[in-house]
Amino acid sequence: MAGIIFYKRRYEKRMKITEARMKELGLMANSGPFALDEWEMPRDHIVINRKLGEGAFGTVYGGEAHIKDKGWIAVAVKTLKNGAKPEEKLDFLSEAEVMKQFDHVNIVKLVGVCTMGEPVYTVMEFMLYGDLKTYLLSRRSIAAQKDRMNNDEVSDKRLTNMALDIARGLSYLADKKFVHRDLACRNCLVNISRSVKIADFGMCRAMYDSDYYRYNKKGMLPVRWMAPESLIDGLFTPPSDVWSYGVVLYEIITFASVPYQGLSNNQVLEHIKNFNTLPIPKGSKLELTALLQKCWSRSPQDRPQAVEIVEILAQNPELISPCLDVPTSSVEIMDTGTLELPMQDRTRGHSLSAVWQSRRNMASLDLTDTELDSHQISMNSHENLILKHGFKFNKKTLHESFRRIKKELNKDKKEPSDFFPQITYL
């Protein structure tokens, strides 16, 4: 009986918290001042015309939305599956609640939400070239050409401008007293003019009156992009975002090479906690080398502020040159560097860029197109295989995974518009 009473009280407490949060977001009557009501869009003002992928909560689409004084504009639409629980609805809309507070040229803009009826929509501006990681990966061969400097897509000026865009967005977040906590090329999106905007704010948190955000629950976090104090103490600050920015610079310089190539996530965790850093890419200019070293300073106080990085890059418009020492085969089959830690809260639930990346990774594992040589898979025993990036598969499970992936790809070949949309994804 005592156990029943305990669980009943815990359930009632959780429901009260959920109800209060739903009122705050404008999902119930008597909503508070931070409601999303002003962002509510009529459902008939949103037209969906192509599927981009599947997310944790539902399908992600490309389409158009009718905006007052602007007419119809291209948008990306996240959807929440029908019949979702209130907690899932809160998690789904939490990113929108954060994004509505931002207005900057280098931050992806929230267009609106549609919470009346099902499915629930979150509508955001459309970014033609998708995430920066995929942009860089798809242009590695171009970057290796001798006449690269004549190609505006991969020139030193273009790469430096992209890094500058991200730094400006990061400086804005710091001024607003927000920490992103998941800054990476996969979470930066490229628009039609090849300007870059920071996106995926599901892990973004306000610091309120303090200068840090402490993380003390369980969950998954991207260890390869995290600062030592975040891994050791669960502390996230603007300087920890600057550390992540240094890893983003590494990704840009190496055209989306995996940080800490060849180490498992657990090895990376110990590596960073022992205050080790990534190697400086070969051929980096002296100013860029100094910037990377400052971003990865052991003491957070010794790292530059984002506004200082903006000044450095603005004064050196061709600072970044590509370093392509890492072979293409070792950058395409990879994980996103996430690892469960004992001090984190919920995982990043719904990421637009992750939708395309997951489908892209699925495609790269097709047995007909991929050679898994000794550099990528090593035999640990007769029954187990270990991928170089830390994935572990039972031999039987690996074969079943390949069969399932091939089946999915064959299915997609019948419906090419689902897998390769004519207009690229957000």
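Are Glu95 and Lys78 buried or exposed? Select the two residues in this predicted model: both Glu95 and Lys78 are buried.

**Stop 1: Glu95 and Lys78**

Show the side chains of this pair. They meet in a salt bridge, with N and O 2.4 Å apart. Now colour helix H2 (residues 86-99), where Glu95 lies, and strand S3 (residues 71-80), which holds Lys78; the pair therefore ties together parts that are 17 residues apart in sequence.

**Stop 2: Lys81 and Glu88**

Next, select Lys81 and Glu88. These residues also form a salt bridge, and their closest N and O atoms are 3.3 Å apart. Lys81 has a relative accessible area of 40%, so it counts as partly exposed. Glu88 is partly exposed as well, at 24%; the cut-off for buried is under 20%.

**Stop 3: Arg158 and Asp152**

Move to Arg158 and Asp152, a salt bridge whose closest N and O atoms lie 2.7 Å apart. Here one partner is buried and the other is not: Arg158 has a relative accessible area of 14% and is buried, whereas Asp152, with 42%, is partly exposed.

**Stop 4: a network**

Select Arg139, Glu153 and Arg194 together. Salt bridges link these three residues in a network. Over the whole structure, a search finds ten salt bridges.

**Stop 5: the nonpolar cores**

Hide the charged residues and select Leu132, Ile166, Tyr245 and Ile252. They belong to the largest nonpolar core, which has 83 residues, and they are the ones with the most contacts inside it. Colour domain 1 (43-125) and domain 2 (130-341) separately: this core draws at least three residues from each of them. In soluble globular proteins, nonpolar side chains tend to be buried together.

Which residues does Tyr245 contact, leaving aside its neighbours within four places in sequence? Centre the view on Tyr245 and look for Ala163, Leu164, Ile166, Ala167, Leu170, Leu183, Cys295, Ile309 and Leu313.

A second core, separate from the largest one, has ten residues. To find it, select Ile67, Val77, Val111 and Tyr121, which are among them.

**Stop 6: the whole chain**

Zoom out and switch to a cartoon view. The protein chain has 14 helices and 17 strands. Of its 426 residues, 52% count as buried. Among contacts with a separation of 6 or more, 71% are between residues 24 or more positions apart.

Finally, turn on the surface. The chain exposes about 20,700 Å², and carbon and sulfur atoms supply 52% of that area.

Terms used:
Residues are numbered from 1 along each chain as its sequence is written. This is a predicted model: local features need pLDDT of at least 70, side-chain atom pairs count only at pLDDT 80 or more; totals for chains, interfaces and linings use all residues. Side-chain values use heavy atoms; hydrogens and water are left out. A salt bridge is a side-chain nitrogen of Lys or Arg within 4 Å of a carboxyl oxygen of Asp or Glu. Helices (H or I, at least four residues) and strands (E, at least two) are DSSP runs, numbered from the N terminus. Buried means under 20% relative accessible area, exposed over 50%, partly exposed in between (1.4 Å probe, protein chains only). Contact means heavy atoms within 4.5 Å. Accessible areas come from the Shrake-Rupley method with a 1.4 Å probe; for residues, only the protein chains shown count as cover. A nonpolar core is a set of buried Ala, Val, Leu, Ile, Met, Phe, Trp, Tyr and Cys residues joined through side-chain atoms within 4.5 Å. Domain bounds come from an automatic or database domain assignment.
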